[in-house]
Amino acid sequence: MGQTKLNPLFENLSGALAKPKKKDGHKCGEYVIATHRVAETTNPNCQRVYIKSADAYDRSTPVSDHEIEIRTLFTERLEWVNTRAKNLSTLSGDQVAYLAQKDQPGGAKTWKSYLWKLAKAAVTGE
């Protein structure tokens with residue numbers, strides 16, 4: 001993937017930078033979408049720009065059973081992570097356990113990744 005350094009004025013742009021024009025019931029042009037990640041991660045590249053044609057969002061195949069299963073599992077884990085992050089009775093214990101494993105081989109480097117690791121074990125029993 002190509003790398004570029006943006007002008008400091010544009011480093012923190014996020015959202016739709018250009019949208020296709022709607023004329024007479026159809027779209028023409030392209031979406032230009034920029035994302036700026038502010039979450040703590042180990043990857044230093046936090047700016048991404050995507051270009052999508054206006055008709056790129058029309059799906060040509062039906063959603064498979066496997067995709068539905070993955071989406072359901074993701075939703076269950078997301079709910080578990082959000083609930084666990086707000087649970088005051090387990091929060092201090094989780095924080096201590098996170099700090100203890102953080103610098104170990106195979107340990108989760110961020111708080112969110114640690115909670116997702118716990119969710120995988122809790123929701124699927126792994």
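This is a chat about a predicted model of one protein chain, its strands and its helices.

Student: Hey, new to this one. How many helices and strands does the protein chain have?
Tutor: There are 3 helices and 5 strands in the protein chain. Keep in mind that this is a predicted model.

Student: And what pattern do they follow along the sequence?
Tutor: Reading along the protein chain, you get β-β-β-β-β-α-α-α.

Student: Since it's predicted, what's the mean pLDDT of the chain?
Tutor: The mean pLDDT is 80, and 75% of the residues reach 70 or more.

Student: Where is confidence lowest, and where is it highest?
Tutor: Strand β3, residues 26-28, has the lowest confidence, with a mean of 62. Helix α1 has the highest, at 93.

Student: OK, on to the sheet. Which strands form it, and in what order?
Tutor: It's an open sheet of 3 strands, in the order β1-β4-β5, with antiparallel pairing. β1 (15-18) and β5 (47-53) are at the edges, and each has a single partner strand, so one side of each has no neighbour in the sheet. From one strand to the next, the twist averages 30 degrees.

Student: What holds paired strands together, generally?
Tutor: In a sheet, strands pair through backbone hydrogen bonds, and the pairing can be parallel or antiparallel.

Student: How many bridges join β1 to β4?
Tutor: β1 is joined to β4 (residues 30-36) by 3 bridges, and the two run antiparallel. Gly 15 has Ala 34 in β4 as its bridge partner, while Ala 16 is partnered with Ile 33.

Student: And over how many bridges do β4 and β5 pair?
Tutor: That pair has 7 bridges, also in the antiparallel sense. As one example, Tyr 31 stands opposite Lys 52 in β5.

Student: Back to Gly 15 for a sec. Which residues does Gly 15 touch?
Tutor: Gly 15, which is in strand β1, touches Val 32, Ile 33 and Ala 34, if you don't count residues up to four places away in sequence. From Gly 15 to His 36 the distance is 8.6 Å, C-alpha to C-alpha, with the two 21 residues apart in sequence.

Student: How exposed is Gly 15?
Tutor: Gly 15 is partly exposed, at a relative accessible area of 25%.

Student: Switching to helices. How many residues does α3 have, and how far does it reach?
Tutor: α3 (residues 111-124) has 14 residues and reaches 20 Å from its first C-alpha to its last, close to the 20 Å expected at 1.5 Å a residue.

Student: Which residues are buried in α3?
Tutor: Tyr 114, Leu 115 and Ala 119 are buried there. They cover an arc of only 140 degrees around the axis, so they sit on the same side of α3.

Student: Why would residues a few places apart in a helix point the same way?
Tutor: An α-helix has 3.6 residues a turn, so residues three or four places apart point the same way.

Student: Makes sense. What covers the buried residues of α3?
Tutor: The cover includes α1 (65-86) and α2 (88-101).

Student: What about α2, which residues are buried in it?
Tutor: In α2 the buried residues are Asp 94, Tyr 98 and Gln 101. Their cover includes α1 and α3. As for length, the 14 residues of α2 should span 20 Å at 1.5 Å a residue, and the end C-alpha atoms are 21 Å apart, which agrees.

Student: Why does Asp 94 count as buried?
Tutor: Asp 94 counts as buried because its relative accessibility is 5%, and the cut-off for buried is under 20%. Leaving aside neighbours within four places in sequence, Asp 94 is in contact with Arg 84, Trp 111, Tyr 114, Leu 115 and Leu 118.

Student: And Arg 77, is that buried or exposed?
Tutor: Arg 77 counts as buried, with 15% relative accessibility. Its place is in helix α1. Outside its neighbours within four places in sequence, Arg 77 contacts Trp 116, Ala 119, Lys 120, Val 123 and Thr 124.

Student: Last one: what share of the protein chain do buried residues make up?
Tutor: Buried residues make up 12% of the 126 residues in the protein chain. On contacts, take those between residues at least 6 apart in sequence: 34% of them join residues at least 24 apart.

Note on methods:
Residues are numbered from 1 along each chain as its sequence is written. This is a predicted model: local features need pLDDT of at least 70, side-chain atom pairs count only at pLDDT 80 or more; totals for chains, interfaces and linings use all residues. Side-chain values use heavy atoms; hydrogens and water are left out. Two strands pair if DSSP finds at least two bridges between them. Helices (H or I, at least four residues) and strands (E, at least two) are DSSP runs, numbered from the N terminus. Axes are lines fitted to C-alpha atoms, for helices over the stretch in contact, and angles run from 0 to 180 degrees between N-to-C directions. The expected span of a helix is 1.5 Å times one less than its number of residues. Buried means under 20% relative accessible area, exposed over 50%, partly exposed in between (1.4 Å probe, protein chains only). The arc is that of the directions from the helix axis to the C-beta atoms. Contact means heavy atoms within 4.5 Å. pLDDT is the predictor's confidence in each residue, from 0 to 100.
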